[in-house]
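This report describes how two assigned domains meet, how one helix is enclosed, and where one histidine lies. Please consult the sequence and the model alongside the text.

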Amino acid sequence: MAPDKTDITKWASTDGQFRRQDSTFRDEIKQGGPFEPEKDRYHLYVSYACPWAHRTLIVRKLKGLDELLPVSVVSPHMGQDGWPFASADEFPGADEDPNEGARHVKDLYFAAQADYDKRFTVPILWDKKNRTIVNNESAEIIRNFNTAFNDFLPKDKAELDFYPEALRKEIDELNDWVYNTVNNGVYKCGFATTQAAYESNVGPLFKSLDRLEARLAASGSDYLVGNTLTEADIRLYTTIVRFDPVYVGHFKCNIGTIRHDYPHLNKWLRNLYWNNDAFRSTTNFEHIKTHYYWSHTQINPHRIVPVGPIPNIEPL
């Protein structure tokens, strides 16, 4: 395998810009397809540290899929072999792999596809029956979780819809620019390897934060779209909750902070965290801070994890 596929220090292109790879496994759980909705068939692999995996944990909790869809958490110490399970790195809160006995996430990729030659990412939606990966694209997994298991759920959980048809156009439009400039924008700043590449991304990031702040201020709502919780909130939350603890310092996204410069965005964040257990219980600041500051040695070679900010998130 080419070293640039696995080594996070090589994720910037020759022009200094970070370009995220497309996910490889893009199937879904649905009736009549190769991956039918069933009990005790699927398993979710995540990192508490990863914002993309965090999305899937939130929707899993919101929809009440805990018993239908077991989850295993990797260690935040992403090293030369990628994400390790507890069998390879006994970090508090990390699990061993109960299905394949994998020591690292990469073992699952090779079990699913022996000649796999791309990066070993989380989340992974795993099919225990066929010993393969259903999907490793978080945006698709959360939409799949939104409906795939409704027949197994109590009425109140089955009726929860975080991508309602009436709001889909607005959600899609918001997701598009938020992904490009915020969700992925922080990585474009942090993994840039030239001054020009960094500056070309940090400006658009903060313009989008300004845009989100103005949107929330104008609406007076606790949510981004339609005055109701949607996937737009879930997708943004996992970036914003990491912003002050990690991205401001580690990724040099330091034109402003959420808590001091974006009052409406900060209120939106605190409302989700403190008032909804699906957000609070899936947010593990120890894993988050340890992962970024320990794993990215090209940015932080001594692996020193900052003590602050204190607190990680402000009270309501």
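How many residue pairs are in polar contact between domain 1 and domain 2? The count is six residue pairs, both residues being at pLDDT 80 or more; a polar contact is a pair of N or O atoms within 3.5 Å, where, within protein, one must be able to donate a hydrogen and the other to accept it, and residues adjacent in sequence count only if both atoms are side-chain atoms.

The model is predicted, so local features need pLDDT of at least 70 and side-chain atom pairs count only at pLDDT 80 or more, whereas totals for chains, interfaces and linings use all residues. Residues are numbered from 1 along each chain as its sequence is written, and side-chain values use heavy atoms, with hydrogens and water left out.

**The domain interface**

Domain bounds come from an automatic or database domain assignment. The table lists the two domains.

| Domain | Residues | Residues in the contact (heavy atoms within 4.5 Å) |
|---|---|---|
| Domain 1 | 42-159 | 13 residues |
| Domain 2 | 166-276 | 15 residues |

The C-alpha centres of the two domains are 24 Å apart. Together, domain 1 and domain 2 bury about 1,100 Å², 60% of it on carbon and sulfur atoms; buried area is the accessible area (1.4 Å probe) that two parts lose on being put together, summed over both. Pro 51, Trp 52 and Arg 55 supply 44% of the area that domain 1 buries against domain 2, more than any other three residues.

The interface also holds two salt bridges, defined by a side-chain nitrogen of Lys or Arg within 4 Å of a carboxyl oxygen of Asp or Glu. Glu 231 forms a salt bridge with Arg 143, with the closest N and O atoms 2.9 Å apart. On the side of domain 1 that touches domain 2, helices H1 and H3 (138-147) each supply at least two residues, and H1 gives the largest share, seven residues. Helices (H or I, at least four residues) and strands (E, at least two) are DSSP runs, numbered from the N terminus.

**Helix H12**

Nine of the 11 residues of H12 (residues 285-295) are buried (under 20% relative accessible area, 1.4 Å probe, protein chains only), so the helix is largely enclosed by the rest of the structure. The buried residues include Phe 285, His 287 and Tyr 292. Their cover includes helix H1 (51-62), strand S2 (71-73) and helix H8 (231-247).

**His 264**

His 264 belongs to helix H10 and touches Glu 213, Leu 216 and Ala 217, not counting residues up to four places away in sequence.

Key: Buried < 20%, exposed > 50% of the residue type's maximum accessible area, 1.4 Å probe, protein only.
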